[in-house]
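Please open the model in your viewer and keep the selection tool at hand. We will go from stop to stop, picking out a few places to look at.

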Amino acid sequence: MILKFNLLKYKTRYLQNVFSVWITIFVIVCPVFTKAYVSIDVGKAYIRESQMAIQPLVLSGPSSQPALEAGATIFTIIKDNLSSSSYFKLIEQEAFLEKPGEKKLEPYPEDPDGFIWKNWQLLKADYLVLSRYSFEENTIHLHLYLYHVPLKRKVFQKKYIADQKLVEKLSHKICNDIIAALTKKPGIFLTKIVAVRTMTGSKKELFIMNWNGKNKKQISYHNSTVLSPSWSNDGRYIAYTSFLYRKSKKRRNASLLLYDRSTKTRQIISKKEGAHLGSDFLPGGKHILLSLFLGRGYMDIAKMSLKDGSIKAITFGPNRSINVEPVAHPKGKNILFSSDRGGKIMIYSMDMNGKNIRPVTWHGSYNSTPDYSPDGKEVVFSGFSNGRFDIFIMSPDGSNLRRLTSFQKPNGKWANNESPSFAPDGRHIVFTSNRTGQNQLYIMNLLNFRTTRITTDIHNYKSPKWSPLLK
(Lines give C-alpha, C1' and ligand atoms only; values in the text may rest on other atoms or scores of the structure.)
Protein backbone atom coordinates (compact mmCIF):
# COMPACT_ATOMS: atom_id res chain seq x y z
CA MET A 1 0.00 0.00 0.00
CA ILE A 2 1.39 3.38 -0.95
CA LEU A 3 0.95 6.10 1.66
CA LYS A 4 1.27 9.81 1.31
CA PHE A 5 1.74 12.26 4.18
CA ASN A 6 -0.90 14.97 4.28
CA LEU A 7 0.17 17.94 6.32
CA LEU A 8 -3.11 19.79 5.85
CA LYS A 9 -2.78 23.52 5.22
CA TYR A 10 1.04 23.65 5.14
CA LYS A 11 1.51 23.44 1.39
CA THR A 12 4.80 25.25 1.21
CA ARG A 13 7.59 24.19 -1.07
CA TYR A 14 9.46 22.54 1.76
CA LEU A 15 6.50 20.44 2.76
CA GLN A 16 5.92 19.40 -0.84
CA ASN A 17 9.56 18.46 -1.40
CA VAL A 18 10.19 16.75 1.91
CA PHE A 19 6.96 15.60 3.52
CA SER A 20 4.72 14.94 0.53
CA VAL A 21 6.99 12.17 -0.60
CA TRP A 22 5.56 8.91 -1.76
CA ILE A 23 6.38 6.33 0.82
CA THR A 24 7.52 4.28 -1.84
CA ILE A 25 47.52 8.59 1.87
CA PHE A 26 49.08 5.67 2.27
CA VAL A 27 50.98 9.03 2.42
CA ILE A 28 53.93 9.18 4.81
CA VAL A 29 54.77 12.81 5.55
CA CYS A 30 58.15 13.78 6.94
CA PRO A 31 57.82 17.46 7.84
CA VAL A 32 60.71 19.86 8.15
CA PHE A 33 59.01 23.12 9.05
CA THR A 34 60.57 26.52 9.41
CA LYS A 35 58.84 29.41 11.13
CA ALA A 36 56.25 31.10 8.93
CA TYR A 37 57.11 34.78 8.91
CA VAL A 38 54.20 35.79 6.71
CA SER A 39 50.59 34.84 6.22
CA ILE A 40 47.47 35.80 4.31
CA ASP A 41 45.06 37.93 6.30
CA VAL A 42 41.76 36.06 6.08
CA GLY A 43 40.02 38.18 8.69
CA LYS A 44 38.98 40.79 6.15
CA ALA A 45 35.66 40.81 4.35
CA TYR A 46 37.49 40.75 1.04
CA ILE A 47 41.07 39.66 0.39
CA ARG A 48 43.41 40.50 -2.45
CA GLU A 49 44.54 37.54 -4.50
CA SER A 50 48.26 37.07 -3.94
CA GLN A 51 50.52 36.63 -6.95
CA MET A 52 51.97 33.12 -6.88
CA ALA A 53 54.60 31.51 -9.10
CA ILE A 54 54.69 27.71 -9.21
CA GLN A 55 57.62 26.11 -10.98
CA PRO A 56 57.05 22.70 -12.62
CA LEU A 57 58.48 19.86 -10.55
CA VAL A 58 62.13 19.02 -11.20
CA LEU A 59 62.88 15.31 -11.55
CA SER A 60 66.05 14.05 -9.89
CA GLY A 61 67.52 10.70 -10.79
CA PRO A 62 66.46 8.30 -13.56
CA SER A 63 63.72 9.46 -15.91
CA SER A 64 60.83 7.21 -16.93
CA GLN A 65 57.35 7.60 -18.33
CA PRO A 66 55.65 6.86 -14.96
CA ALA A 67 57.96 9.35 -13.24
CA LEU A 68 57.23 12.09 -15.77
CA GLU A 69 53.49 11.43 -15.64
CA ALA A 70 53.49 11.57 -11.83
CA GLY A 71 55.31 14.90 -11.83
CA ALA A 72 52.97 16.37 -14.43
CA THR A 73 49.90 15.20 -12.49
CA ILE A 74 51.12 16.69 -9.22
CA PHE A 75 51.96 20.00 -10.90
CA THR A 76 48.56 20.23 -12.62
CA ILE A 77 46.58 19.46 -9.46
CA ILE A 78 48.56 21.95 -7.38
CA LYS A 79 47.96 24.68 -9.95
CA ASP A 80 44.26 23.90 -10.29
CA ASN A 81 43.68 23.73 -6.54
CA LEU A 82 45.53 26.89 -5.60
CA SER A 83 44.06 28.92 -8.45
CA SER A 84 40.55 27.83 -7.45
CA SER A 85 41.13 28.68 -3.79
CA SER A 86 40.55 32.42 -4.42
CA TYR A 87 43.71 33.24 -2.46
CA PHE A 88 46.11 33.25 -5.40
CA LYS A 89 46.46 34.48 -8.93
CA LEU A 90 49.01 32.33 -10.73
CA ILE A 91 51.73 33.95 -12.78
CA GLU A 92 51.98 32.52 -16.28
CA GLN A 93 54.92 30.17 -16.69
CA GLU A 94 55.97 31.91 -19.92
CA ALA A 95 56.86 34.99 -17.88
CA PHE A 96 59.33 33.16 -15.63
CA LEU A 97 62.91 34.41 -15.83
CA GLU A 98 64.30 31.10 -14.56
CA LYS A 99 63.64 27.78 -16.25
CA PRO A 100 62.70 24.65 -14.25
CA GLY A 101 65.87 22.95 -12.99
CA GLU A 102 68.08 25.86 -14.02
CA LYS A 103 68.60 26.88 -10.38
CA LYS A 104 68.65 25.03 -7.07
CA LEU A 105 65.73 25.21 -4.64
CA GLU A 106 67.56 27.34 -2.06
CA PRO A 107 68.19 31.04 -2.78
CA TYR A 108 71.49 32.60 -3.72
CA PRO A 109 73.87 33.27 -1.95
CA GLU A 110 72.88 30.58 0.58
CA ASP A 111 73.36 28.17 -2.31
CA PRO A 112 75.86 29.38 -4.94
CA ASP A 113 73.63 27.76 -7.61
CA GLY A 114 70.40 28.87 -6.02
CA PHE A 115 67.57 30.92 -7.49
CA ILE A 116 67.79 34.70 -7.66
CA TRP A 117 65.28 36.65 -5.60
CA LYS A 118 65.25 39.56 -8.04
CA ASN A 119 64.06 37.31 -10.88
CA TRP A 120 60.84 36.69 -8.97
CA GLN A 121 60.51 40.17 -7.52
CA LEU A 122 60.50 41.58 -11.05
CA LEU A 123 57.39 39.47 -11.70
CA LYS A 124 55.79 40.97 -8.58
CA ALA A 125 55.39 37.49 -7.13
CA ASP A 126 54.17 37.33 -3.55
CA TYR A 127 54.85 33.61 -3.20
CA LEU A 128 57.09 31.11 -4.94
CA VAL A 129 56.69 27.32 -4.91
CA LEU A 130 59.70 25.20 -5.88
CA SER A 131 60.02 21.43 -5.68
CA ARG A 132 62.04 18.47 -6.79
CA TYR A 133 61.22 14.78 -6.70
CA SER A 134 62.59 11.35 -7.41
CA PHE A 135 60.81 8.18 -8.44
CA GLU A 136 62.10 4.98 -6.88
CA GLU A 137 60.34 1.61 -7.04
CA ASN A 138 56.92 3.20 -7.65
CA THR A 139 57.42 5.52 -4.69
CA ILE A 140 57.57 9.30 -4.95
CA HIS A 141 60.02 11.28 -2.81
CA LEU A 142 59.17 14.97 -3.06
CA HIS A 143 60.78 17.98 -1.39
CA LEU A 144 58.80 21.22 -1.57
CA TYR A 145 59.71 24.81 -0.66
CA LEU A 146 57.37 27.78 -0.19
CA TYR A 147 58.86 31.27 -0.17
CA HIS A 148 57.54 34.76 0.47
CA VAL A 149 59.28 36.79 -2.22
CA PRO A 150 58.93 40.43 -1.03
CA LEU A 151 60.49 39.65 2.35
CA LYS A 152 62.86 36.99 0.98
CA ARG A 153 61.60 34.50 3.56
CA LYS A 154 61.16 30.75 3.52
CA VAL A 155 57.65 30.02 4.75
CA PHE A 156 58.19 26.29 5.00
CA GLN A 157 59.84 23.28 3.46
CA LYS A 158 58.56 19.75 3.65
CA LYS A 159 59.43 16.28 2.45
CA TYR A 160 56.71 13.91 1.27
CA ILE A 161 56.91 10.18 0.53
CA ALA A 162 53.96 8.50 -1.18
CA ASP A 163 53.09 5.45 -3.23
CA GLN A 164 52.60 6.12 -6.95
CA LYS A 165 48.94 5.13 -6.64
CA LEU A 166 48.34 8.01 -4.25
CA VAL A 167 49.61 10.82 -6.47
CA GLU A 168 46.27 12.63 -6.37
CA LYS A 169 45.97 12.48 -2.58
CA LEU A 170 49.59 13.59 -2.25
CA SER A 171 48.87 16.60 -4.46
CA HIS A 172 45.85 17.60 -2.38
CA LYS A 173 47.87 17.14 0.80
CA ILE A 174 50.55 19.52 -0.50
CA CYS A 175 47.90 22.15 -1.27
CA ASN A 176 46.36 21.74 2.18
CA ASP A 177 49.78 22.33 3.74
CA ILE A 178 50.34 25.49 1.69
CA ILE A 179 46.93 26.89 2.68
CA ALA A 180 47.48 25.99 6.33
CA ALA A 181 50.93 27.59 6.38
CA LEU A 182 49.61 30.88 4.99
CA THR A 183 46.15 31.16 6.55
CA LYS A 184 46.61 29.24 9.82
CA LYS A 185 43.53 27.20 8.91
CA PRO A 186 43.26 23.82 7.17
CA GLY A 187 42.69 23.45 3.45
CA ILE A 188 39.66 21.69 1.97
CA PHE A 189 41.36 19.75 -0.82
CA LEU A 190 40.92 16.33 0.80
CA THR A 191 37.31 16.88 1.84
CA LYS A 192 34.21 15.34 0.28
CA ILE A 193 30.66 16.41 -0.50
CA VAL A 194 27.66 14.10 -0.31
CA ALA A 195 24.41 14.96 -2.06
CA VAL A 196 21.12 13.48 -3.25
CA ARG A 197 20.93 13.08 -7.03
CA THR A 198 17.92 12.34 -9.21
CA MET A 199 17.87 9.07 -11.11
CA THR A 200 15.28 7.74 -13.56
CA GLY A 201 11.70 8.68 -12.84
CA SER A 202 11.16 10.00 -9.33
CA LYS A 203 13.96 7.94 -7.79
CA LYS A 204 16.84 9.56 -5.94
CA GLU A 205 20.12 8.09 -4.70
CA LEU A 206 23.09 9.29 -2.67
CA PHE A 207 26.36 10.32 -4.32
CA ILE A 208 29.72 11.27 -2.83
CA MET A 209 32.33 13.36 -4.63
CA ASN A 210 35.50 15.36 -4.14
CA TRP A 211 35.21 18.95 -2.91
CA ASN A 212 35.37 20.17 -6.53
CA GLY A 213 32.65 17.83 -7.82
CA LYS A 214 35.04 15.32 -9.38
CA ASN A 215 35.11 11.54 -8.91
CA LYS A 216 31.39 11.11 -8.19
CA LYS A 217 30.47 7.73 -6.74
CA GLN A 218 27.02 6.35 -6.03
CA ILE A 219 26.81 5.01 -2.47
CA SER A 220 23.12 4.07 -2.16
CA TYR A 221 21.23 1.56 -4.29
CA HIS A 222 17.71 1.47 -2.86
CA ASN A 223 15.87 2.04 -6.14
CA SER A 224 13.70 4.46 -4.19
CA THR A 225 14.05 7.93 -2.68
CA VAL A 226 16.80 9.08 -0.31
CA LEU A 227 16.81 12.29 1.72
CA SER A 228 18.72 14.35 4.26
CA PRO A 229 22.33 13.09 4.38
CA SER A 230 24.61 14.13 7.25
CA TRP A 231 28.22 13.40 8.26
CA SER A 232 29.52 12.02 11.52
CA ASN A 233 32.07 14.22 13.28
CA ASP A 234 34.99 12.03 12.17
CA GLY A 235 33.75 11.70 8.58
CA ARG A 236 33.49 7.92 8.72
CA TYR A 237 29.69 7.65 8.67
CA ILE A 238 26.91 9.21 6.62
CA ALA A 239 23.37 9.05 7.99
CA TYR A 240 20.46 9.41 5.58
CA THR A 241 16.81 8.56 5.05
CA SER A 242 15.54 6.02 2.53
CA PHE A 243 12.01 4.85 1.83
CA LEU A 244 12.54 1.12 2.26
CA TYR A 245 9.93 -1.52 1.50
CA ARG A 246 8.80 -3.45 4.57
CA LYS A 247 7.45 -6.87 3.71
CA SER A 248 5.64 -7.29 7.01
CA LYS A 249 3.69 -4.06 6.48
CA LYS A 250 3.55 -4.39 2.66
CA ARG A 251 4.52 -0.76 2.22
CA ARG A 252 7.44 1.59 2.37
CA ASN A 253 8.67 3.41 5.44
CA ALA A 254 11.14 6.29 5.72
CA SER A 255 13.92 4.55 7.65
CA LEU A 256 17.18 6.00 8.95
CA LEU A 257 20.35 4.33 7.68
CA LEU A 258 24.04 4.63 8.45
CA TYR A 259 26.64 4.22 5.71
CA ASP A 260 30.17 3.27 6.78
CA ARG A 261 32.73 4.77 4.38
CA SER A 262 35.55 2.56 5.65
CA THR A 263 33.75 -0.74 5.00
CA LYS A 264 31.32 0.50 2.31
CA THR A 265 28.46 -1.14 4.20
CA ARG A 266 25.20 0.22 5.56
CA GLN A 267 22.80 -0.64 8.34
CA ILE A 268 19.32 0.45 9.34
CA ILE A 269 19.60 2.25 12.66
CA SER A 270 15.91 3.04 13.01
CA LYS A 271 12.89 1.62 11.22
CA LYS A 272 10.37 2.97 13.68
CA GLU A 273 6.97 3.63 12.07
CA GLY A 274 6.78 7.03 10.44
CA ALA A 275 9.26 9.23 8.59
CA HIS A 276 12.82 9.76 9.79
CA LEU A 277 14.04 13.03 8.31
CA GLY A 278 16.75 15.65 8.74
CA SER A 279 19.41 14.02 10.91
CA ASP A 280 22.51 15.58 12.49
CA PHE A 281 25.21 13.97 14.62
CA LEU A 282 25.68 15.43 18.08
CA PRO A 283 29.20 16.36 19.26
CA GLY A 284 30.88 13.23 20.59
CA GLY A 285 29.28 10.99 17.97
CA LYS A 286 27.17 8.93 20.38
CA HIS A 287 23.78 10.41 19.52
CA ILE A 288 22.00 11.69 16.46
CA LEU A 289 19.23 14.25 16.08
CA LEU A 290 16.34 13.49 13.75
CA SER A 291 12.78 14.49 12.95
CA LEU A 292 10.04 11.89 13.04
CA PHE A 293 6.38 11.26 13.73
CA LEU A 294 5.98 10.17 17.33
CA GLY A 295 2.34 9.10 17.14
CA ARG A 296 0.81 12.55 17.63
CA GLY A 297 0.23 13.32 13.96
CA TYR A 298 2.99 15.90 13.62
CA MET A 299 6.76 15.87 13.34
CA ASP A 300 9.02 16.42 16.33
CA ILE A 301 12.73 16.48 16.93
CA ALA A 302 14.22 13.64 18.93
CA LYS A 303 17.62 12.44 20.11
CA MET A 304 18.55 8.84 19.34
CA SER A 305 21.33 6.80 20.88
CA LEU A 306 23.56 5.14 18.30
CA LYS A 307 24.43 2.49 20.88
CA ASP A 308 21.01 1.06 21.68
CA GLY A 309 18.66 2.92 19.33
CA SER A 310 16.65 4.49 22.16
CA ILE A 311 14.75 7.64 21.17
CA LYS A 312 13.87 10.62 23.35
CA ALA A 313 11.68 13.46 22.11
CA ILE A 314 13.03 17.00 22.48
CA THR A 315 10.14 19.02 21.01
CA PHE A 316 6.42 18.52 21.57
CA GLY A 317 4.50 20.45 18.94
CA PRO A 318 2.80 22.70 19.84
CA ASN A 319 -0.58 22.76 18.10
CA ARG A 320 0.33 20.15 15.50
CA SER A 321 3.27 22.23 14.29
CA ILE A 322 6.18 20.63 12.47
CA ASN A 323 9.75 20.70 13.83
CA VAL A 324 12.40 19.60 11.35
CA GLU A 325 16.01 20.00 10.11
CA PRO A 326 17.81 19.99 13.47
CA VAL A 327 21.47 21.06 13.51
CA ALA A 328 23.58 21.06 16.66
CA HIS A 329 26.06 23.76 17.62
CA PRO A 330 29.61 22.38 17.07
CA LYS A 331 30.30 22.64 20.81
CA GLY A 332 26.87 21.44 21.88
CA LYS A 333 25.60 24.83 23.07
CA ASN A 334 22.19 24.66 21.40
CA ILE A 335 20.15 23.29 18.49
CA LEU A 336 18.76 25.17 15.49
CA PHE A 337 15.73 23.84 13.64
CA SER A 338 12.94 24.84 11.24
CA SER A 339 9.36 25.06 12.45
CA ASP A 340 5.97 26.51 11.47
CA ARG A 341 4.91 26.98 15.09
CA GLY A 342 4.58 30.73 14.48
CA GLY A 343 2.53 30.34 11.29
CA LYS A 344 5.37 30.69 8.79
CA ILE A 345 8.29 28.30 8.58
CA MET A 346 11.17 30.03 10.35
CA ILE A 347 14.39 29.03 12.11
CA TYR A 348 14.32 28.56 15.87
CA SER A 349 16.93 27.91 18.54
CA MET A 350 16.58 25.77 21.65
CA ASP A 351 18.74 24.38 24.41
CA MET A 352 20.07 20.86 23.99
CA ASN A 353 17.22 19.52 26.12
CA GLY A 354 14.55 21.27 24.04
CA LYS A 355 13.91 24.13 26.46
CA ASN A 356 14.14 27.89 25.93
CA ILE A 357 12.82 27.83 22.34
CA ARG A 358 13.04 31.21 20.60
CA PRO A 359 12.91 32.37 16.96
CA VAL A 360 16.11 33.55 15.27
CA THR A 361 14.67 34.54 11.86
CA TRP A 362 11.70 36.78 11.15
CA HIS A 363 12.28 38.02 7.60
CA GLY A 364 10.58 36.76 4.45
CA SER A 365 7.91 34.07 4.36
CA TYR A 366 10.01 30.93 4.67
CA ASN A 367 13.44 30.14 6.18
CA SER A 368 14.94 26.65 6.42
CA THR A 369 17.98 24.33 6.17
CA PRO A 370 20.21 26.09 8.74
CA ASP A 371 23.84 25.06 9.09
CA TYR A 372 26.41 26.17 11.66
CA SER A 373 29.91 27.26 10.71
CA PRO A 374 32.60 24.99 12.20
CA ASP A 375 33.39 27.56 14.91
CA GLY A 376 29.70 28.12 15.67
CA LYS A 377 29.91 31.86 15.04
CA GLU A 378 27.79 32.02 11.88
CA VAL A 379 24.76 30.31 10.38
CA VAL A 380 23.81 29.92 6.73
CA PHE A 381 20.29 29.07 5.59
CA SER A 382 17.95 29.32 2.61
CA GLY A 383 15.15 31.85 2.70
CA PHE A 384 12.23 32.70 0.43
CA SER A 385 12.12 36.41 -0.31
CA ASN A 386 10.97 38.50 -3.27
CA GLY A 387 9.61 35.45 -5.05
CA ARG A 388 12.69 33.27 -4.88
CA PHE A 389 14.97 31.25 -2.60
CA ASP A 390 18.40 32.65 -1.76
CA ILE A 391 21.24 31.85 0.61
CA PHE A 392 21.61 34.06 3.69
CA ILE A 393 24.17 34.24 6.47
CA MET A 394 23.71 35.59 10.00
CA SER A 395 24.94 35.42 13.56
CA PRO A 396 23.44 32.56 15.61
CA ASP A 397 21.02 34.94 17.35
CA GLY A 398 19.64 36.18 14.00
CA SER A 399 21.54 39.47 13.92
CA ASN A 400 23.89 40.67 11.18
CA LEU A 401 21.76 39.15 8.42
CA ARG A 402 23.20 39.30 4.87
CA ARG A 403 22.10 37.90 1.52
CA LEU A 404 24.81 35.83 -0.21
CA THR A 405 23.17 34.93 -3.53
CA SER A 406 21.17 36.79 -6.16
CA PHE A 407 21.28 35.45 -9.69
CA GLN A 408 19.09 35.74 -12.76
CA LYS A 409 18.60 32.99 -15.34
CA PRO A 410 19.19 33.66 -19.05
CA ASN A 411 15.43 34.20 -19.44
CA GLY A 412 15.52 36.99 -16.87
CA LYS A 413 13.77 35.06 -14.10
CA TRP A 414 15.39 34.80 -10.70
CA ALA A 415 17.17 31.55 -9.83
CA ASN A 416 16.54 29.61 -6.64
CA ASN A 417 19.58 29.01 -4.40
CA GLU A 418 19.04 26.55 -1.55
CA SER A 419 20.41 24.04 0.99
CA PRO A 420 23.74 25.62 2.04
CA SER A 421 26.38 23.65 3.94
CA PHE A 422 29.64 24.93 5.45
CA ALA A 423 33.04 23.54 4.52
CA PRO A 424 35.22 22.56 7.50
CA ASP A 425 37.42 25.63 6.97
CA GLY A 426 34.43 27.92 7.56
CA ARG A 427 35.39 29.93 4.48
CA HIS A 428 33.37 28.09 1.84
CA ILE A 429 29.81 26.82 1.43
CA VAL A 430 28.21 24.40 -1.02
CA PHE A 431 24.61 24.90 -2.18
CA THR A 432 22.21 24.07 -4.98
CA SER A 433 21.07 26.49 -7.67
CA ASN A 434 18.83 26.18 -10.73
CA ARG A 435 20.39 29.18 -12.48
CA THR A 436 21.17 27.01 -15.53
CA GLY A 437 17.85 25.15 -15.52
CA GLN A 438 18.79 22.03 -13.56
CA ASN A 439 19.56 22.06 -9.83
CA GLN A 440 23.35 21.88 -9.82
CA LEU A 441 25.97 22.21 -7.07
CA TYR A 442 27.95 25.39 -6.51
CA ILE A 443 30.58 26.43 -3.98
CA MET A 444 31.14 29.97 -2.75
CA ASN A 445 34.23 31.47 -1.13
CA LEU A 446 32.90 33.65 1.68
CA LEU A 447 36.00 35.86 1.64
CA ASN A 448 35.41 37.28 -1.83
CA PHE A 449 32.03 35.70 -2.74
CA ARG A 450 33.43 34.00 -5.84
CA THR A 451 31.01 31.24 -6.89
CA THR A 452 32.07 28.13 -8.83
CA ARG A 453 29.83 25.49 -10.38
CA ILE A 454 31.12 22.01 -9.52
CA THR A 455 28.56 19.74 -11.26
CA THR A 456 27.78 19.98 -14.96
CA ASP A 457 25.38 17.21 -15.91
CA ILE A 458 21.69 16.66 -16.67
CA HIS A 459 20.71 15.57 -13.16
CA ASN A 460 19.23 17.51 -10.27
CA TYR A 461 21.04 17.65 -6.93
CA LYS A 462 19.57 18.26 -3.49
CA SER A 463 20.71 18.51 0.12
CA PRO A 464 24.51 18.74 -0.31
CA LYS A 465 26.56 18.29 2.86
CA TRP A 466 30.25 19.11 3.15
CA SER A 467 32.35 16.61 5.07
CA PRO A 468 34.53 17.42 8.07
CA LEU A 469 38.29 17.29 7.60
CA LEU A 470 39.19 13.77 6.52
CA LYS A 471 42.38 11.91 7.35
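## First stop: strands 25 to 28

Start by selecting D371 and V380: V380, in strand 26, is the bridge partner of D371. This is a predicted model, so please read each stop with that in mind. Now widen the selection to strand 25 and to strand 26, which covers residues 379-385; the two run antiparallel and are joined by 5 bridges. Add strands 27 and 28, and you have an open sheet of 4 strands in the order 25-26-27-28, with antiparallel pairing. Look at its edges, where strand 25 (366-372) and strand 28 (402-403) each have a single partner strand, so one side of each is left without a neighbour in the sheet.

## Stepping back

Before the next stop, show the whole chain. How many helices and strands are there in the protein chain? There are 4 helices and 33 strands. The chain has 471 residues, and 54% of them count as buried. If you turn on the surface, about 21,600 Å² is exposed, with carbon and sulfur atoms supplying 51% of that area.

## Second stop: strands 17 to 20

Select strands 17, 18, 19 and 20. They form an open sheet in the order 17-18-19-20, and the pairing is antiparallel. At the edges stand strand 17 (276-281) and strand 20 (311-313); each has a single partner strand, so one side of each lacks a neighbour in the sheet. From one strand to the next, the twist averages 30°.

Zoom in on strand 17 and strand 18 (residues 287-293), an antiparallel pair joined by 4 bridges. Here H276 stands opposite L292 of strand 18.

Keep H276 selected and add S255, because H276 is also among the residues that S255 touches. S255 itself sits in strand 15, residues 251-260. Is S255 buried or exposed? It counts as buried, since its relative accessibility is 1%. Leaving aside residues up to four places away in sequence, the contacts of S255 are Y240, T241, S242, L244, I268, S270, K271 and H276.

## Third stop: strand 10 and its two partners

Move to strand 10, residues 192-198. This strand is mostly covered, with 6 of its 7 residues buried. Strand 11 (residues 204-210) runs antiparallel to strand 10, and 7 bridges join the two. To see one pairing, select V196 and L206: V196 stands opposite L206 in strand 11. The two strands form a hairpin with 5 residues between them, and in the turn G201 has a positive phi of about 65°.

Now bring in strand 33 (residues 461-466), which is also antiparallel to strand 10 and is joined to strand 10 by 4 bridges. Select V194 here and you will find its bridge partner, K465, in strand 33.

## Fourth stop: a pair of helices

Hide the strands for a moment and show helix 2 (residues 65-84) with helix 4 (residues 167-183). Their axes are 9 Å apart and the helices pack at an angle of about 40°. That angle makes helix 2 oblique to helix 4. Helix 2 passes helix 4 in a right-handed crossing. For the contact, display the side chains of A70, T73, I74, I77, I78, N81 and L82 on helix 2, and of V167, E168, L170, S171, H172, I174, C175, I178 and I179 on helix 4.

## Last stop: backbone surprises in the loops

Most residues other than glycine have a negative phi, and most peptide bonds are trans. Let us look at some exceptions.

- Select Y108 and P109: the peptide bond between them is cis, with omega near 10°. P109 is in the loop between strand 5 (104-107) and strand 6 (114-115).
- Select G317 and P318: this peptide bond is also cis, with omega near 5°. P318 is in the loop between strand 20 and strand 21 (323-328).
- Stay in that loop between strand 20 and strand 21 for R320. R320 is not a glycine, yet its phi is positive, about 60°. At 47% relative accessibility, R320 counts as partly exposed.
- Finish at E137, in the loop between strand 7 (127-136) and strand 8 (139-148). Its phi is near 50°, a positive value in a residue other than glycine. E137 is exposed, with a relative accessible area of 77%.

Conventions:
Residues are numbered from 1 along each chain as its sequence is written. This is a predicted model: local features need pLDDT of at least 70, side-chain atom pairs count only at pLDDT 80 or more; totals for chains, interfaces and linings use all residues. Side-chain values use heavy atoms; hydrogens and water are left out. Buried means under 20% relative accessible area, exposed over 50%, partly exposed in between (1.4 Å probe, protein chains only). Accessible areas come from the Shrake-Rupley method with a 1.4 Å probe; for residues, only the protein chains shown count as cover. Contact means heavy atoms within 4.5 Å. Two strands pair if DSSP finds at least two bridges between them. Axes are lines fitted to C-alpha atoms, for helices over the stretch in contact, and angles run from 0 to 180 degrees between N-to-C directions. Angles under 35 degrees count as roughly parallel, over 145 as roughly antiparallel, 65 to 115 as roughly perpendicular and the rest as oblique. A crossing is left-handed if the near helix is turned anticlockwise from the far one by less than a right angle, and right-handed if clockwise.
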